Amino acid sequence: MTKAQFQVFPSPSAVAKAVASHIGEAVRARPQTVLGLATGKTFVPIYEALVALSQETGLSFAEASSFNLDEYVGLAPNHPASFRHYMEEHFFRHIDLPADRALLPEAGGDAEAASLAYEAAIAARGGIDVQLLGIGRNGHIGFNEPGSAFDGRTQVAKLTPSTIAANTSDFPPGEVPPPEAITMGIGTILEAHTIVLVATGAAKAEALARAFLRAADVDCPASALQRHGNVTVFCDDAAYAEIGRQSGK
Ligand code: GLP
């Protein structure tokens, strides 16, 4: 059973406000905060809420740094489905985080060198303070698919057919996601000082229950989070439903 703390809200927009305020507090308390950032549909309202918070309160990211979890191999940064493009559109272009401190894995050249460089850059910043994570329907975190080692480092990962299918709607008509991505490893993720996992919608209910109610197992990558001492799960009622049912809450 898990040590994670759960915060359950009635809607995705309430989750987004709560996560934005959690990140805002971290950045206010330590302006040099190192953020670990995630993409996916779940995070669209979260970045929107964080941008609104920054505009309304003057929250500044000028001294912060960020490292995204992953990037598709072979997509140009300006491809509409690249995670660089996503981050620019939803977050970076709206805030004052310096461009040279808003990093994603470099997935265009020598992937092995890029993976090592990414790990070194994270270490040079003193590690990640707050790591944001979504969860795939099969329990993946970043692009660490079922079977990934819990001590894995940043590396090239192969996407499963179910992840490719789930992410195809992010691509222009007629295009499908590349078969590979560079992702932080589960070991990299577990070194973050604090972790915030976000899950919204009924499609995530099974994965969330599997991650936190069963013994940790590589078949469910998110279950590795049971080994971390500071995980907060922000979710809506729909994503929490299966945990609620199985735990009688
Ligand atoms: C992608 C990303 C993950 C993300 C997951 C869920 O494959 N690599 O970081 O958490 O899918 O995405 P969504 O929020 O769109 O359901």
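A polar contact is taken here as a pair of N or O atoms within 3.5 Å. In the predicted model, this criterion is met between the ligand and His140, where an N or O atom in the side chain lies 3.0 Å from an oxygen atom of the ligand. A backbone N or O atom of Lys41 is placed 2.8 Å from an oxygen atom of the ligand, while a nitrogen atom of the ligand has a backbone N or O atom of Gly142 at 3.1 Å. Of the 400 Å² of accessible area that the ligand has on its own, 92% is covered by the protein. The residues around the ligand include Gly40, Lys41 and Thr42, together with Asp70, Gly134, Ile135, His140, Gly142 and Phe143, and further Thr163, Asn167 and Lys204.

The fold contains an open sheet of seven strands, paired in parallel and arranged in the order 1-10-9-6-2-3-5. Its edges are formed by strand 1 (5-9) and strand 5 (102-103), each of which pairs on one side only. Strand 1 runs parallel to strand 10 (residues 231-236), to which it is joined by five bridges; within this pairing, Gln7 has Phe234 of strand 10 as its bridge partner.

Helix 1 (residues 12-29) packs on the sheet, where it touches strand 1, strand 2 (34-37), strand 6 (130-133), strand 9 (194-199) and strand 10, and its direction makes about 150 degrees with that of strand 10. Helix 4 (residues 111-124), in turn, lies across strand 3 (65-68) and strand 5, and it runs at about 150 degrees to strand 3.

Key. Residues numbered from 1 in each chain as written. Predicted model: local features only at pLDDT ≥ 70, side-chain atom pairs only at ≥ 80, totals over all residues. Heavy atoms only, no water. Pairing = 2+ DSSP bridges. Helix = DSSP H or I, 4+ residues; strand = E, 2+ residues; numbered from the N terminus. Contact = heavy atoms within 4.5 Å. Axes fitted to C-alpha atoms, helices over the stretch in contact; angles between N-to-C directions. Near = heavy atom within 4 Å. Polar contact = N/O pair within 3.5 Å; in protein donor to acceptor, adjacent residues only side chain to side chain. Areas by Shrake-Rupley, 256 points an atom, 1.4 Å probe, with all protein chains shown as cover.
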